[in-house]
Amino acid sequence: MAALTDGSANSDGAPAPPLSRPRGAGLGAAVLRRLPRMAGAIAAGLLLCVSFPPFGWWYTAIVAFALLAWVLTHESTTQIGGLGYGLLFGIAFYVSLLPWTSSFVGVGPWLALAGMESVFPALFGAGAVLVRRLPGWPIWVAAVWAVQEWAKSNVPFGGFPWGAVGFGQTDGPFLPIAQIGGVPLVSFAVVLLGVSMAALASEVTRWWRLDAAGAGHAGPPAIVLPGAYIGVVLLATAVIWPQVRQPSINANYDPLVTVAAVQGNVPRLGLDFNAQRRAVLDNHVRETLRLADEVRAGRAAQPQIVVWPENSSDVDPLANPDAAERITIAARAIEAPILVGGVLAGPGYSSTNPVTLNSVIVWDPVGGPSDRHDKQIVQPFGEYLPWRGFFRLFSSSADRAGYFVPGDGSGVVRAAGVPIGVVTCWEVIFDRAARESVLNGAQLLTVPSNNATFGEAMSEQQLAFAKLRAVEHNRYVVVAATTGISSVVGPDGRELARTGFFEPAYLDTPVRLMTGLTPATRWGPVVQWLLISIGIVACIASIILRRSPTHRVSLRRRTPRTHTSPPAMAPRRR
């Protein structure tokens, strides 16, 4: 009540009644008090965004979580407040990360997606406030972040892993951690580093204030744990770095092959990509024939395998003899099997049930189609529309969504005797897709993509995901995109070659067929579930302890106050 009085008292020593004030004054004052933290949450979201391509300032993610930790661990921040600050953080992050989703469908779907994804950081904010009183709180806060990343990667409609913190670290020093625990462990390490730095700074500041006030302090134990967390993250990165940057290659077991990625381009960008399907097929045939001419002239190496992008033949080559003939001409000219991205009729296809499969077909120079991978994780609101009757009420673009259904298979095709993992476009952001391919024997990963309905920023971000997969599974990755950016990525995450955006081009690059499994390939899901379990257990423990009366008393006694007044000084004797 003291905060609501003018500090005076009646003659009998009782507090004076609260001063009357306008109804809106309290609300305005509350907003002003929270304004620095609201600005901090928004700034943290923007800082996290610029850690991703096209900016790629990886270090800003650490600053982002240090700033967010300052907001969430302020003594006046309640769980409801944490929910609100987390929501502001999420909105700032996703609105600035995903503008490419509005390129051809308008701002409505973009803002709706950003708003939906912002719910997960909001829940993280509430969880972080819940566990911040536990000893060693930075590790519990980082584990709560791991829980929200897992949740957003699975719900709703199969999840949206885009924006996982680890994907923004592909040009930074923490990328090697992916070989130990994949994206979840990289995200956890970055969040732990940022939050621990905030904890360290808070303790140092508190010491300085106590010393300046002439008050003693108990000693250094409060800074030991955050300092240890920072040390562990940096040490782990330093230990793993040489192994990732200089992978051991056995020439007897890791043979060298030449792979070509063909980028045929499209006549124009936009949602009417499918209306251009014959022109797109012809573009890829034409660019492959140009590569064949270069090979015959000795200006390019003879490829053993050629990779075309997703949707490079939206004309079903298994049902359309004309399309099949064009692909066969290209395969015979280049004298190598082509991995063709095609759209095929799905099971039970009819005019009233136009289900389709997004497939990659191995097309041999002699014999035609020999193997196939059907995309297993199809994209909601693009390749198919969940709740079609409901969502068409909100957007005129709803009926442009396809009728694709997921396929099945091992995620591996064989071309020229080589087991090749196929992770088609959208699948690259899901941990299980690339991992399944490698566990089923893939010695090389391909990412055939179609970015014609988006733009260059999206292509840059997707290429970053492919870099992380290369390190995670110690495989070369070949990205072939209709409009770009196509690239060949080494197992250390570095680009060996790349094309520009929205231009016809090809890449003709030697790669190693790698074998062996990394710890992330073997144990990635176990690592993720361990982090999730830590976060959930920390939340449960906090709830139980907060309900304990003795614990509440002990917290009041030992919790430092951010704005502690200096101890009163004894009056001097004259």
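In this predicted model, V422 has T446 as its bridge partner in β8. That pair belongs to the link between β7 and strand β8 (residues 444-449), where 3 bridges hold two parallel strands together. On the β6 side things run the other way: strand β6 (residues 412-415) and strand β7 (residues 418-422) pair in the antiparallel sense, over 4 bridges. Here V412 finds its bridge partner in G421 of β7. Strands of a sheet pair through backbone hydrogen bonds, and they can do so parallel or antiparallel.

Zooming out, these strands sit in an open sheet of 6 strands, ordered β6-β7-β8-β9-β10-β11, with mixed pairing. The edges go to β6 and β11 (495-498); each has a single partner strand, so one side of each is left without a neighbour in the sheet. Going from strand to neighbouring strand, the turn averages 25 degrees, direction ignored. Helix α11 (residues 431-439) lies across β6, β7 and β8, and runs at about 140 degrees to β8.

Some backbone oddities turn up around here. Most residues other than glycine have a negative phi, and most peptide bonds are trans. A416 is not a glycine, yet its phi is positive, at about 55 degrees. Where does A416 lie? The spot is the loop between β6 and β7, in a hairpin with 2 residues between the strands. Further along, the peptide bond from G484 to I485 is cis, with omega near 5 degrees; I485 belongs to the loop between β9 (477-481) and β10 (487-489). Another cis bond leads from V155 to P156, this one with omega near -10 degrees. P156 is found in the loop between α5 (137-152) and α6 (178-212).

Another open sheet of 6 strands, again with mixed pairing, follows the order β5-β4-β3-β2-β1-β12. At its edges stand β5 (368-374) and β12 (505-512), each with a single partner strand, so one side of each is left without a neighbour in the sheet. The twist from one strand to the next averages 35 degrees. Within this sheet, strand β3 (residues 338-345) and strand β4 (residues 356-364) pair in the antiparallel sense over 8 bridges, with L344 opposite L357 in β4. Helix α9 (residues 321-334) packs on the sheet and touches β2 (305-307), β3 and β4, its direction making about 40 degrees with that of β4.

Now for helix against helix. Two packed helices are described by the angle between their axes and the distance between the axes. For helix α2 (residues 60-72) and helix α3 (residues 79-97), the axes come within 10 Å and cross at roughly 155 degrees. Since angles over 145 degrees count as roughly antiparallel, that label therefore applies to α2 and α3. The crossing in which α2 passes α3 is right-handed. On the α2 side the contact is made by F65, L68, V71 and L72, and on the α3 side by G82, Y85 and F89. Sorted by type, the contact residues come to 6 nonpolar, 1 polar and no charged.

Charged pairs show up elsewhere. Side chains of opposite charge can pair when their charged atoms come close. The count for the model is 14 salt bridges. One of them joins R296 to D293, with the closest N and O atoms 2.5 Å apart. How many residues separate R296 and D293 in helix α8 (residues 277-296)? They are 3 residues apart, which means a separation of about one helical turn.

Key:
Residues numbered from 1 in each chain as written. Predicted model: local features only at pLDDT ≥ 70, side-chain atom pairs only at ≥ 80, totals over all residues. Heavy atoms only, no water. Pairing = 2+ DSSP bridges. Axes fitted to C-alpha atoms, helices over the stretch in contact; angles between N-to-C directions. Parallel < 35°, antiparallel > 145°, perpendicular 65-115°, else oblique. Left-handed = near helix turned anticlockwise from the far one by under 90°. Contact = heavy atoms within 4.5 Å. Nonpolar A, V, L, I, M, F, W, Y, C, P; charged D, E, K, R; others polar. Salt bridge = Lys/Arg side-chain N within 4 Å of Asp/Glu carboxyl O.
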